[in-house]
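Visitor: Could you give me a close-up of one side-chain contact, and then work outward from there to whatever else holds the chain together? I'd like the numbers as you go.

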Amino acid sequence: MARAILFAGLMALMPAAAAQAQDETRMVSGALGYLQRIALPPNARAVIVAEGRFGAMLGEATIEADGKQVPLPFEMTVPANLSGGLSAVIRVQQKPRWILRNLPFSAGTAQVDLGTLILEPVTAMAFAVDFICGDTTVSFGMLDNETVLRAEGRDTPMSQVVSASGARFEGIKDPETEFWNKGDLAMVRLEGRDLPECRQVPPPQHQSYRARGNEPGWSVVLTPETAEITADYGEISHSLARPDVQVLPGIYAFDMPDIEARLIIQEGICRDDATGMPHPDTAVLELGDRMLRGCGGAPEDLLTGPVWQVTAIGEASLIEPERLSVNFTAPGRVAGSTGCNRLVGGYTLTGEGLQFGAMGSTMMACPEPLMEQEREMLDALEQITRFDIADDGALLLIGGAEDRVLIEARRP
């Protein structure tokens, strides 16, 4: 009974949408297709899964072909107010033939119609390891007894070459494509173009996560193997095996009954009440009979990922705004376009704010209006001291003497 009362109180502390969503689900629907003119045999089967944060399964659907042909309609029920990624595979004689990976859908309560999804033929790699290089995912493994680098929709056969450290490979027919692996880091060059530093992608359930709050200071750090809990500015400290995630409408929960604790995570922008720094999630830690409120996730996760298209630079009228972009890549690198030249540089994100380092750029000459726009964008980047995410998802880069929005950007 005490746990039920405490959980009810916890929901009162979370945003109202979470409390309203406790009994809500929603439907995700669409259809599976492929471009090849190949008929499905009667024994074909399609499996569709929706996966959320922490590797949690949100929903699953199975379609038996039984003589039906693509497009194959599907629908599944998922918890409300959780975002996720949808993956699908069509199997023939129990072997995967067509596949789709991690198509994102947003959090909310409205039904989601994804339309007809085009699956790609399966060319499965054995012993494959995935890396994230900025906003590009690459895989390195074996395909038909060949070592292959898979990136940007193509497979490049590779052969190992002599290296002073790590394992280095280059393309058999394209020596300007290279893969150099050093532990969980790698360097990749595609046809002479260097990608940002690559980091091995751990499974979602093994990725680290941190939640924290102020007054009294507390934190929960989920490592791949453990949960580290501190509270009351360090006076309380626990270390235990990482608990499994539980999925409820609108929230994720990690129960730790041995220490009478539970961590609740809800998606949505949370601003640190001491610094104003935005985080991806709201977090509440139940600890005994107390409920401690704070934020969860890394602020950097709000910046990295798909490219941001610049939609405003101060009050200036933009010229060809579709060419203006900012792309944050981990760790601490930024690239983009001023509309005239490509730019590249670094950024620093601390508990207090965001700053950009000196920017390098190409040296192309453009018409004077574009050159002036470039100067305005570079000048604005130099003045940035913090960032925020607007209610409509826009990125706000803030700074200058008046602490105002200097650059606004959105994801297409």
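Guide: Let's zoom in on Arg410, which forms a salt bridge with Asp392, with the closest N and O atoms 2.9 Å apart. The pair links distant parts of the chain: Arg410 belongs to strand S35 (residues 404–410), while Asp392 is in the loop between S33 and strand S34 (395–399), 18 residues apart. Arg410 counts as partly exposed, because its relative accessible area is 31%. Keep in mind that this is a predicted model, so every distance and angle here is computed from it.

Asp392 sits in the loop after S33, and strand S33 itself (residues 384–389) brings in another acid, Asp388. The side chains of Asp388 and Arg271 meet in a salt bridge, 3.0 Å from N to O. Here the linked parts are 117 residues apart, with Arg271 in strand S24 (residues 261–271) and Asp388 in S33. Arg271 is partly exposed at 38% relative accessibility, whereas Asp388 is buried, with a relative accessible area of 15%. The cut-off explains the split: buried means under 20%, and partly exposed runs from there up to 50%.

Those two are part of a wider set, since a search of the whole structure finds 19 salt bridges. Another one pairs Arg45 with Glu64, at 2.6 Å from N to O. Arg45 lies in strand S2 and Glu64 in strand S3, so this bridge ties together parts that are 19 residues apart in sequence. Both partners get the label partly exposed: Arg45 has a relative accessible area of 41%, and Glu64 has 30%. Some charges also join up beyond a simple pair: Glu152, Arg154, Glu191 and Arg193 are linked in a network of salt bridges.

Strand S24 is worth a second visit, because besides Arg271 it holds Cys270. Cys270 and Cys295 form a disulfide, with their sulfur atoms 2.0 Å apart. The torsion about the S-S bond is about -70°, so this disulfide is left-handed. It links S24 to Cys295 in strand S26 (residues 290–296), 25 residues apart, and both cysteines are buried.

In total the structure holds 3 disulfides. One of them joins Cys133 to Cys198, with S to S at 1.9 Å. Its torsion is about 110°, so the disulfide is right-handed. Cys133 is in strand S9 (residues 126–133) and Cys198 in strand S17 (residues 198–200), 65 residues apart. Cys133 and Cys198 are both buried. There is also a disulfide between Cys340 and Cys366, at 2.0 Å from S to S, and that link is right-handed too, with 95° about the S-S bond. Its ends are in loops: Cys340 between strand S29 (333–338) and strand S30 (342–349), Cys366 between strand S32 (360–361) and helix H4 (368–383), 26 residues apart. Again, both cysteines are buried. If you number the bonded cysteines in sequence order, the pairing reads 1-2, 3-4, 5-6.

Now for the rings. With ring centres required to lie within 6.5 Å, the count comes to 9 aromatic pairs. Take Tyr34 and Trp98: the ring centres are 3.8 Å apart and the planes are at 5°, so the pair is stacked. Tyr34 is in the loop between strand S1 (25–33) and strand S2 (45–51), and Trp98 is in strand S6 (residues 95–105), 64 residues apart. Both are buried, Tyr34 with a relative accessible area of 8% and Trp98 with 2%.

Phe54 and Phe254 pair up another way: the centres are 5.0 Å apart and the planes at 90°, so this one is edge-to-face. Phe54 is in the loop between S2 and strand S3 (57–64) and Phe254 in strand S23 (residues 251–256), so the pair ties together parts that are 200 residues apart in sequence. Both Phe54 and Phe254 are buried, and they form one aromatic cluster with Tyr209 and Tyr252.

One last ring brings us back to charges. Arg168 lies over the face of Trp180, at 4.7 Å from the ring centre, and Lys182 lies over the face of Trp180 as well, at 4.5 Å.

Notes
Residues are numbered from 1 along each chain as its sequence is written. This is a predicted model: local features need pLDDT of at least 70, side-chain atom pairs count only at pLDDT 80 or more; totals for chains, interfaces and linings use all residues. Side-chain values use heavy atoms; hydrogens and water are left out. Rings of Phe, Tyr and Trp (its six-membered ring) pair if their centres lie within 6.5 Å; planes under 30 degrees apart count as stacked, over 60 as edge-to-face and the rest as tilted. Helices (H or I, at least four residues) and strands (E, at least two) are DSSP runs, numbered from the N terminus. Buried means under 20% relative accessible area, exposed over 50%, partly exposed in between (1.4 Å probe, protein chains only). A charge sits over a ring if NZ of Lys or CZ of Arg is within 6 Å of the ring centre and within 35 degrees of the ring normal. A salt bridge is a side-chain nitrogen of Lys or Arg within 4 Å of a carboxyl oxygen of Asp or Glu. A disulfide is a pair of cysteine sulfur atoms within 2.5 Å.
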